[in-house]
Amino acid sequence: MLNKIKELNEALPGMMLLDFLYLCIGELVILLFIPNMEYAVGLLAGVLYAVFGSFQMSHQIRKVVYGRANARKTYLIGYFIRLAVMIIVFAILYIFHIGDLLCALIGMFSMKVSAYLQPLTHKLYNKIKKGR
């Protein structure tokens, strides 16, 4: 499974690890300081959306680069798919009162955090791997 993810985009495993760490740290902070499950569920929903968005964008990029698809059309369709899923996630959280919308938005930022930190963690991983 890890090889399939690397085949899609070699940066994805590192990003998923960082998303998981972001989720664990966020949930720990929420459960220690604000013991409200709505906040925890909102953060979880946001991070899950971020993981979905990372996979979806990687698939779109691969489709354009290797499948020679029309870049503008592919990226635009991908954007609207991610936007629709985001609206659906927000609607479910709001209508059923199962999660906090602000925490979901904070969870969605895990995609940005993992994308910016991924090169750093990749370097660290390579140093550890060489040290063995």
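## A tour from the core to the pockets

Start by selecting Leu-23, Ile-30, Ala-40, Leu-43, Val-47 and Cys-103: these six residues make up the largest nonpolar core. Colour them by element, and H2 and H3 stand out as the helices that give two or more residues to this core. H3 supplies the largest share, three residues. The model is a predicted one.

**Leu-43 and its surroundings**

Keep Leu-43 from that core and show what touches this residue. Beyond its neighbours within four places in sequence, Leu-43 is in contact with Tyr-22, Leu-23, Gly-26, Glu-27 and Ile-30, and also with Cys-103, Ala-104, Ile-106 and Gly-107. Leu-23, Ile-30 and Cys-103 are in this contact list and also belong to the core.

**The whole chain**

Now zoom out and switch to a cartoon view. The protein has six helices and zero strands, and its pattern along the sequence reads α-α-α-α-α-α. The C-alpha trace spans about 45 × 45 × 25 Å along its principal axes. Colour by accessibility next: of the 132 residues, 30% are buried. If you draw the contacts between residues at least 6 apart in sequence, 69% of them join residues at least 24 apart.

**The largest pocket**

Select Pro-13, Gly-14, Gln-118, His-122 and Tyr-125. Of the 13 residues that line the largest pocket, these lie nearest its centre. The space in this pocket comes to about 400 Å³. To see where the walls come from, show helix H1 (2-8), helix H2 (12-33) and helix H6 (110-131), each of which supplies at least two lining residues. H2 gives the most, with five residues. By residue type, the lining divides into seven nonpolar, four polar and two charged residues.

**The second largest pocket**

Move on to the second largest pocket, which has a volume of about 280 Å³. Select its lining: Tyr-49, Met-57, Tyr-79, Arg-82, Leu-83, Met-86, Leu-105, Met-108, Phe-109, Met-111 and Lys-112. The helices to display are helix H3 (37-67), helix H4 (71-95), helix H5 (101-108) and H6, each supplying at least two of the lining residues. H4 provides the largest share, four residues. Colouring this lining by type gives nine nonpolar residues, no polar ones and two charged ones.

**An aromatic pair at Tyr-49**

Stay on Tyr-49, one of the residues lining the second largest pocket. The whole structure contains two aromatic pairs. One of them joins Tyr-49 and Phe-52, a tilted pair with 6.2 Å from centre to centre and 50° between the planes. Where do Tyr-49 and Phe-52 sit relative to each other in helix H3? They are three residues apart in that helix, so about one helical turn separates them.

Is Tyr-49 buried or exposed? Tyr-49 counts as buried because its relative accessibility is 10%, and the limit for buried is under 20%. Phe-52 has 32% relative accessibility, so Phe-52 counts as partly exposed.

**Last stop**

To finish, display H3 on its own. This helix gives three residues to the largest nonpolar core, supplies at least two residues of the lining of the second largest pocket, and holds both Tyr-49 and Phe-52. Then add H2, which also gives two or more residues to the core and contributes five residues to the lining of the largest pocket.

Key
Residues numbered from 1 in each chain as written. Predicted model: local features only at pLDDT ≥ 70, side-chain atom pairs only at ≥ 80, totals over all residues. Heavy atoms only, no water. 1 Å grid on protein atoms, 1.4 Å probe; cavity = no way out; pocket = protein on both sides within 12 Å on 5 of 7 lines; lining within 4 Å. Points joined across faces, edges and corners; volume = space filled by probe spheres on them. Nonpolar A, V, L, I, M, F, W, Y, C, P; charged D, E, K, R; others polar. Phe/Tyr/Trp six-rings, centres within 6.5 Å; stacked < 30°, edge-to-face > 60°. Buried < 20%, exposed > 50% of the residue type's maximum accessible area, 1.4 Å probe, protein only. Core = buried A, V, L, I, M, F, W, Y, C linked by side-chain atoms within 4.5 Å. Contact = heavy atoms within 4.5 Å.
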